[in-house]
Amino acid sequence: MDGFFADSSLLGINKKLSGGEPHRKGGVLDYFLTEEQEMIVDVARRICDEMIVPQRAHLDETEEYPREILNAMAQADLYGLYIPEEYGGFGGGAFEMALALEQVARGCTGVATAFAASGLGAYPILVSGSEEMKEKYLPDIAAGKRFAAFALTESGAGSDASGIQTTAVQDGDHWVLNGTKQWITNAGEAGIYTVIAITDRKRGARGATMFVVEDTDPGFSVGPKEKKMGIRCSSTREVILKDCRIPADRVIGRQGLGFITVMKTLDLSRPGIAILGVGLGQAALDEAVRYAKQRVQFGKPIISFQAVSHMLADMAIQVEAARALVYAAARHVDAHPDKASKPSSVCKTFATDMAMKVTVDAVQVLGGYGFMREYPVEKMMRDAKILQIYEGTNQIQRNVIGQELNKEYTK
Amino acid sequence: MKIVICIKQVPDAKDVRLDPQTNTLAREGVQSIMNPYDRHALEEGVRLAGEQGGTVTVLSMGPPQAQEVLREAVACGADEAVLVSDRAFAGADTWATTHTLAQAIRTIGGADLVLCGKQAIDGDTAQVGPGLAERLGFPYATCVKKVLSCTDGVMQVQRLMDDGYDTMAVQLPALLTVVKEINEPRLPSLKGKMKAKKLAIKTLSAADIDADPAQIGLPGSPTQVVRVFSPQARGERTIFQGSVDEQVAQLARELQQII
């Protein structure tokens, strides 16, 4: 192994690759990032290494919301990456967001979830909101002054979004919302909530509408913080709307557009979940290789045993395959936002299943130490599980892909 | 308010070695970073400029590669960067350095406030701040851990002392050196990095700053390093606040942690 790499560096091959940089240690391919994109990676990498990694065990233990880290990310301009420049953002897309998220998730999937959730909350405004609505909300979200949250799920409406019970009734120049949203990431921390509610049940899929609800609106409240298996520092709560009265101009797009906005939002945001799997998988690989190099059994570092080194190799193969897929999918989504469903489902499923497998294997490589909370890999394994569940379970993703295949081959 | 921050590029403390022949630092092949105390000076300057209105100029004396730390300072919020660089400056001790920096500050139009780190982690003299203040004729406060106020040209500051802290007032223009307790330095931002990449760094030579040839570089440096040794370490101190009962409770908690 060493000999091969020594030879290729003599040929000058390694110099051209980004693989030699510390944050790409264990990576395989050069993705030909622009100078600006490299800057995004660099800014996020330093926040990961200097702020997130030292605090992640504490945050996991205490379930404290990582406000200080998120504020530093806002100060570093990361909250506006995917928001157009005219609204105070950086003017990038899903790909630029993915580059930052990968680094943040390498440090802690909980912090990365709290960060990404603001994007998920902002996308409905971005994809369907009026010009006035964008001007009102996006600059604050881009600056990280106010966090956003996306409120879709209810106790009876998870994978089946048609089970939504929350209603909105027009009353003069106001809407009155009633219902309870469940497991809302950033609830209680965000100031801006994009909420879907039924406005006309008779109209079926066209009977739902999205609204912007602010935390200061009358009738808005949140439930207690849920106790979770992983991503424990992120805030997950109920959003309770009880005769919550909001002005008419809070309708996102127009009445009846709710489900379409939700679908478009999730198509754009899923590569962001997929990349959390890549960052997390990379972090697990890093820990496993480092440990295998220094752990001595039978008189040798365990990396010299084929049983271990093949596991590490398989992990590296899977992480890089997922990275290549997610980068390509994010670029596709930016170029073809109207044809984003299948690529975003494909990359979300592959990369998050990969993260689950790779983190389980990392615990195995570390053996008994891997099972101890003193080492970071057991947290990584706990954190990985949610990636296969939220923003559409991987079973729902496979439904989407299967339906697309069925349609494509019928033509 | 025009704020000038003096920053120094230093070898990363993780791999510092001494040249046994000359008793000076071996700098060959060692990674360079911004002096950690200077990061705190920069943060305080950026914070004050944001609060009071004003500009932040970072200033460094060093070889051309010191541009790297100046760009990093711009990425962390500084507005402008000036490098004083000339072969004639090589080998400067604190005497020669303070002359050079003072001349550079005069050349760029002076300053209302100069901020320096308490000391650099390579030379560790803590002389450049006070020396520069003397050269400029500015009042100064060293080891500042908190800026209490800045109104009508007077700054109220707290200085970290071995046995607590002093509170004092300085009339602007002034110079402060800061300790790491003063703030939590920010990391580079995306917009800052993009600005830093495009920014043309002003470079000044010995002639540009009208430096006295007898007071710069090795010939202008009277210092000779005779011996290098580690001083005796002194322990960390904590001063408990509040009522007697509260202080006793805090002491009991601390003791319990030790036991």
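Buried means under 20% relative accessible area, exposed over 50%, and partly exposed in between, with a 1.4 Å probe and protein chains only as cover. The model is predicted, and local features need pLDDT of at least 70, with side-chain atom pairs counted only at pLDDT 80 or more. Residues are numbered from 1 along each chain as its sequence is written.

**Exercise 1.** Classify L251(B) as buried, partly exposed or exposed, and find the surface patch that holds L251(B).

*Solution.* Step one: L251(B) lies in helix α6 (residues 244–258) of chain B, helices being DSSP runs of H or I with at least four residues. Step two: its relative accessible area is 41%, so L251(B) is partly exposed. Step three: L251(B) joins L255(B), I258(B) and I259(B) in a nonpolar surface patch with about 470 Å² of accessible area together. Patch residues have over 30% relative accessible area and no salt bridge, and nonpolar side chains are joined within 5 Å. A salt bridge is a side-chain nitrogen of Lys or Arg within 4 Å of a carboxyl oxygen of Asp or Glu.

**Exercise 2.** Determine how many residues of helix α11 of chain A are buried, and what they pack against.

*Solution.* Step one: eight of the eleven residues in α11(A) (377–387) are buried. Step two: among them are V377(A), M380(A), A384(A) and L387(A). Step three: the buried residues pack against α3, α6, α8, α10 and α12 of chain A, where contact means heavy atoms within 4.5 Å.

**Exercise 3.** Find the charges over the rings of W95(B) and Y165(B).

*Solution.* Step one: the criterion is NZ of Lys or CZ of Arg within 6 Å of the ring centre and within 35 degrees of the ring normal. Step two: R135(B) lies over the face of W95(B), 4.3 Å from the ring centre. Step three: K145(B) has its charged end over Y165(B), 4.7 Å from the centre of that ring.

How values were computed:
Chains lettered and ligands numbered in written order. Heavy atoms only, no water. Patch = residues over 30% accessible without salt bridge, like charges linked within 9 Å, V, L, I, M, F, W, Y side chains within 5 Å. Areas by Shrake-Rupley, 256 points an atom, 1.4 Å probe, with all protein chains shown as cover. Helix = DSSP H or I, 4+ residues; strand = E, 2+ residues; numbered from the N terminus.
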